[in-house]
Amino acid sequence: MKSFSLFYSNQKAQIIISLLFLLSITSFLSAQELAENDPNAEYGLVYFLRGKGLADAPFVLFTEIDPILYSFKITYNTFIDDVRVCKLNQRRYSEHRVSPGEDAFKVQTVGKKGKKKVKSEIIEIEAGKTYYIMIIHMGNYPAMQEITRNTALALCKENKLKRDPNCGDSEYVF
């Protein structure tokens, strides 16, 4: 009977160790989803990242009588040089290959074409480099902010970001 209980306790320990190992591998892989660009690549790699934040929370429209509370999920259209590349949902990111040179990046809530009134983020893209652009909400409008790799990885981990399957043809270079 003693040999059975010893075998049983070793088996439990092995299962627990295996589960802990799988959990650590899973958390490591989720933080490594944002692959860095190959330094020898002929294009720059751009990530649009969208967490869950104020933009997806209820907001108030003020009327003459009362504030009316509206709550809905907003999909953001992201553009590179006025070409819509993605309708990015909350807790998602997209990946895009971009030709070297000066490119305009913008985000807006409606429209398949980039609006002239919407402010663009101009970034000088270098071949072999990786760029991370976080979508934020400024007042009533979405905006973009370039962030570091460490900030992007933290955003992915904290918000459990997943790649948007409907965005980013990784074979297309802008």
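Which residue's side chain does a polar contact of 3.2 Å join to the side chain of Asn77? The partner is Arg84, and this pair is a good place to start a tour of the structure. Please keep in mind that this is a predicted model. The protein averages a pLDDT of 75, and 65% of the residues score at least 70. The points below go through confidence, Asn77, the disulfide, the strands and a helix.

**How far to trust the model**

- Residues 19–32 have a pLDDT below 50, and beyond near neighbours in sequence this stretch has two contacts in the model.
- Residues 55–72 also stay under 50 in pLDDT, and here the model has 24 contacts beyond four places in sequence.
- Where pLDDT is low, the predicted coordinates should not be read in detail.

**Around Asn77**

- You will find Asn77 in strand E4, which covers residues 76–80.
- Asn77 has a relative accessibility of 3%, so it counts as buried.
- Leaving aside residues up to four places away in sequence, Asn77 touches Arg84, Cys86, Lys87, Lys106, Val107, Gln108, Thr109, Val110 and Gly111.
- One of these neighbours, Cys86, takes part in the disulfide described next.

**The disulfide**

- A search of the whole structure turns up one disulfide, and it links Cys86 with Cys167 at an S to S distance of 1.7 Å.
- Cys86 sits in strand E5 (residues 83–88) and Cys167 in the segment after strand E11 (162–163), so the pair ties together parts that are 81 residues apart in sequence.
- The torsion about the S-S bond of Cys86 and Cys167 is about 65 degrees, which means that the disulfide is right-handed.
- Cys86 and Cys167 are both buried.

**Strand E7 and its partners**

- Strand E7 spans residues 101–108, and seven of its eight residues are buried, so E7 is largely enclosed by the rest of the structure.
- E4 and E7 run antiparallel and are joined by four bridges; Thr78 has Val107 in E7 as its bridge partner.
- Strand E8 (residues 121–125) also runs antiparallel to E7, with five bridges between them.
- Gly101 has Ile125 in E8 as its bridge partner.

**The five-stranded open sheet**

- Five strands make up an open sheet with mixed pairing, in the order E10-E9-E1-E6-E11.
- Strands E10 (141–147) and E11 stand at the edges with a single partner strand each, so one side of each has no neighbour in the sheet.
- Strand E1 (residues 44–50) and strand E9 (residues 130–138) run parallel, joined by five bridges.
- Tyr47 stands opposite Tyr132 in E9.
- In general, strands of a sheet pair through backbone hydrogen bonds, either parallel or antiparallel.

**Helix H2**

- Which residues of helix H2 (residues 149–159) are buried? They are Arg149, Ala152, Leu153, Leu155, Cys156 and Asn159.
- These buried residues cover an arc of only 160 degrees around the axis, so they lie on the same side of H2.
- Asn150, Lys157 and Glu158 are exposed on the other side of H2.
- Cys156 counts as buried because its relative accessibility is 7%, with the cut-off for buried lying under 20%.
- Lys160 follows H2, and its phi is positive, near 55 degrees.

Methods: Residues are numbered from 1 along each chain as its sequence is written. This is a predicted model: local features need pLDDT of at least 70, side-chain atom pairs count only at pLDDT 80 or more; totals for chains, interfaces and linings use all residues. Side-chain values use heavy atoms; hydrogens and water are left out. A disulfide is a pair of cysteine sulfur atoms within 2.5 Å. Helices (H or I, at least four residues) and strands (E, at least two) are DSSP runs, numbered from the N terminus. Buried means under 20% relative accessible area, exposed over 50%, partly exposed in between (1.4 Å probe, protein chains only). The arc is that of the directions from the helix axis to the C-beta atoms. A polar contact is a pair of N or O atoms within 3.5 Å; within protein, one must be able to donate a hydrogen and the other to accept it, and residues adjacent in sequence count only if both atoms are side-chain atoms. Contact means heavy atoms within 4.5 Å. pLDDT is the predictor's confidence in each residue, from 0 to 100. Two strands pair if DSSP finds at least two bridges between them.
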